[in-house]
Amino acid sequence: MKTYLVTGGAGFIGASFVKLLLKQYTDIRVVVLDALTYAGNLGTIVSDIEDPRCEFVKGDICDKVLADELFVKYNFNYVVNFAAESHVDRSIENPQLFLITNILGTQNLLDAARKHWVTGKDENGYPTWKEGVKFHQVSTDEVYGSLGAEGYFTETTPLDPRSPYSASKTSADLFVQAYNETFKMPVTTTRCSNNYGPYHFPEKLIPLIIKNILEGKSLPVYGDGTNVRDWLYVEDHCKAIDMVVNNGRVGQVYNVGGHNEKQNIEIVMLTISTIRDLMTETPAYREVLKKKEIINGEISIEWINENLITYVADRLGHDQRYAIDPTKIKNELGWVPETMFAEGIVKTIRWYLENQAWVEEVASGDYQKYYDKMYSK
Ligand code: NAD
Ligand code: DAU
């Protein structure tokens, strides 16, 4: 039986990975370590932690004593590190928190793994490691900086982070590589493009646009809306991580992306038209609209159109374009993105229409204060 430590497993991508593990493997134990920050929500994994193969521990990845206790108690085979402060806009407001969680937290986990996984020394003085263990770091394409109109990020593209968030993720990546070089620690890293799908916190572009449409609010587009992101359905990302944890070569980095580049304005327009289409096809979905205009006895959706778009001040240091070349993971491990955007966006929007209670729960309290401050500028 393999035991996984999944940090950040109550967040958007970590939770999807926990669900994938429990679905895919029977002989498995999954320990979720999550601090339940504003971005973590137990509601996201409530059915998973009821499963006897899964345990939840509320705690901070920076906590040395806790990490030590968990390694002693569970004797992990794999650590998959999702836990992070993940929102670029928040990193502009409070860079130090990103440094603490993303860099120091990762280094603390690396040290705990080193303490418990090293079995001795080889003839050159390097540590020897328990059979089959691995530390997997979940990283981002943002470590490569920003592209112009042409080209793709490959694994050999120089690191060039530009926001406090990406600087912290890059630094964490370098620590992971450093533990591999210096201590021969068995590590792998994936660098993925923008994910979308169910349980995505509504501070990020796609869920924020969906939420605002349903509430009849304006749709804030930064700058001129021409920035490009490469969107990948979250379950496809998790399948890639699973493949790399199991079969990725030790010490290697794998880029993961959907070959699905879109300008932000296109994403917003597509979200508007998909919501309208779904509400036309299934009028019952109109019940979730907070703005209910009744025309001819029917809840109107005429007002859901591009007039809701508002161009707002640009993000400071806004990266222009991200685009991943996933050739390495395709050739070495056979991974390809399975979910076309046209299908993924419908699945995502349907999920939000059918899970408004989740949105209301995560968006209450602190998030509302953040939203009011962020978008009042
Ligand atoms: P998220 O913000 O939805 O979730 C992060 C989770 O980490 C939350 O559950 C939060 O409670 C937890 N967490 C935060 N600080 C913690 C701490 N100190 N100790 C323990 N838990 C803590 O983020 P996400 O979008 O799911 O991203 C997960 C990982 O994937 C991150 O490392 C992120 O950098 C990376 N990534 C994200 C994307 C994307 O598009 N969302 C793309 C590429 C890579
Ligand atoms: O590329 C991978 C990264 O993708 C991950 O490492 C990050 O954790 C994840 O948050 C995401 O970063 P982005 O900054 O690209 O995602 P976000 O959803 O915040 O923004 C996507 C684009 O939309 C970006 O160009 C900014 C723009 N945007 C965003 C928001 C929230 C808007 O125009 N309006 C908005 O209100």
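This is a short tour of a predicted model, moving from the central sheet to the two ligands.

**The sheet**

Begin by colouring the strands, and look for the open sheet of seven strands, which stand in the order β3-β2-β1-β4-β7-β8-β13 with parallel pairing. At its edges you will find β3, residues 54-58, and β13, residues 253-256, each of which pairs on one side only. If you turn the view to look across the strands, bear in mind that neighbouring strands of this sheet are turned against each other by 20° on average, direction ignored.

Next select β4, residues 78-81, together with β7, since these two strands run parallel and are joined by four bridges. To see one particular pairing, show Val 80 and then its bridge partner in β7, His 136. With these strands still in view, add helix α5, residues 95-117, which packs on the sheet and touches β1 (2-7), β4 and β7, while its direction makes about 165° with that of β7.

**Ligand 1**

Now select ligand 1 and display the 28 residues around it, of which Ile 13, Asp 34, Ser 86, Tyr 165 and Lys 169 come nearest. Which elements supply at least two residues each to this shell? They are α1 (12-24), β7 (134-140) and α6 (164-183), and the largest share, three residues, comes from β7, the strand that was paired with β4 at the earlier stop. Colouring the shell by class divides its residues into 13 nonpolar, 12 polar and three charged.

For the individual contacts, start at the side chain of Tyr 165, where an N or O atom is 2.6 Å from an oxygen atom of ligand 1. Then turn to the backbone: an N or O atom of Ile 61 lies 2.9 Å from a nitrogen atom of the ligand, and a backbone N or O atom of Leu 36 lies 3.5 Å from one of the ligand's oxygen atoms. Switching on a surface helps here, as ligand 1 taken alone exposes 840 Å², and the protein buries 96% of that.

**Ligand 2**

Move on to ligand 2, which has 24 residues around it, with Asp 141, Tyr 165, Arg 315, His 318 and Tyr 375 coming nearest. Tyr 165 may be familiar from the previous stop, where it was also listed among the residues nearest to ligand 1.

Which side chains should be selected for their contacts with an oxygen atom of ligand 2? Asp 141 has a polar side-chain atom 2.6 Å from such an oxygen, and Arg 315 likewise places a polar side-chain atom 2.6 Å from an oxygen atom of the ligand. The backbone takes part at Leu 205, where an N or O atom lies 2.8 Å from an oxygen atom of ligand 2. Taken alone, ligand 2 exposes 690 Å², of which the protein buries 94%.

Finally, highlight α7 (205-215) and β10 (219-222), the elements that give two or more residues to the shell around ligand 2; β10 gives the most, with three residues. Coloured by class, this shell has 10 nonpolar, eight polar and six charged residues.

Notes:
Residues are numbered from 1 along each chain as its sequence is written. Chains are lettered from A and ligands numbered from 1 in the order in which they are written. This is a predicted model: local features need pLDDT of at least 70, side-chain atom pairs count only at pLDDT 80 or more; totals for chains, interfaces and linings use all residues. Side-chain values use heavy atoms; hydrogens and water are left out. A residue is near a molecule or strand if one of its heavy atoms lies within 4 Å of it. A polar contact is a pair of N or O atoms within 3.5 Å; within protein, one must be able to donate a hydrogen and the other to accept it, and residues adjacent in sequence count only if both atoms are side-chain atoms. Accessible areas come from the Shrake-Rupley method with a 1.4 Å probe; for residues, only the protein chains shown count as cover. Ala, Val, Leu, Ile, Met, Phe, Trp, Tyr, Cys and Pro count as nonpolar, Asp, Glu, Lys and Arg as charged, and the others, Gly among them, as polar. Two strands pair if DSSP finds at least two bridges between them. Axes are lines fitted to C-alpha atoms, for helices over the stretch in contact, and angles run from 0 to 180 degrees between N-to-C directions. Contact means heavy atoms within 4.5 Å.
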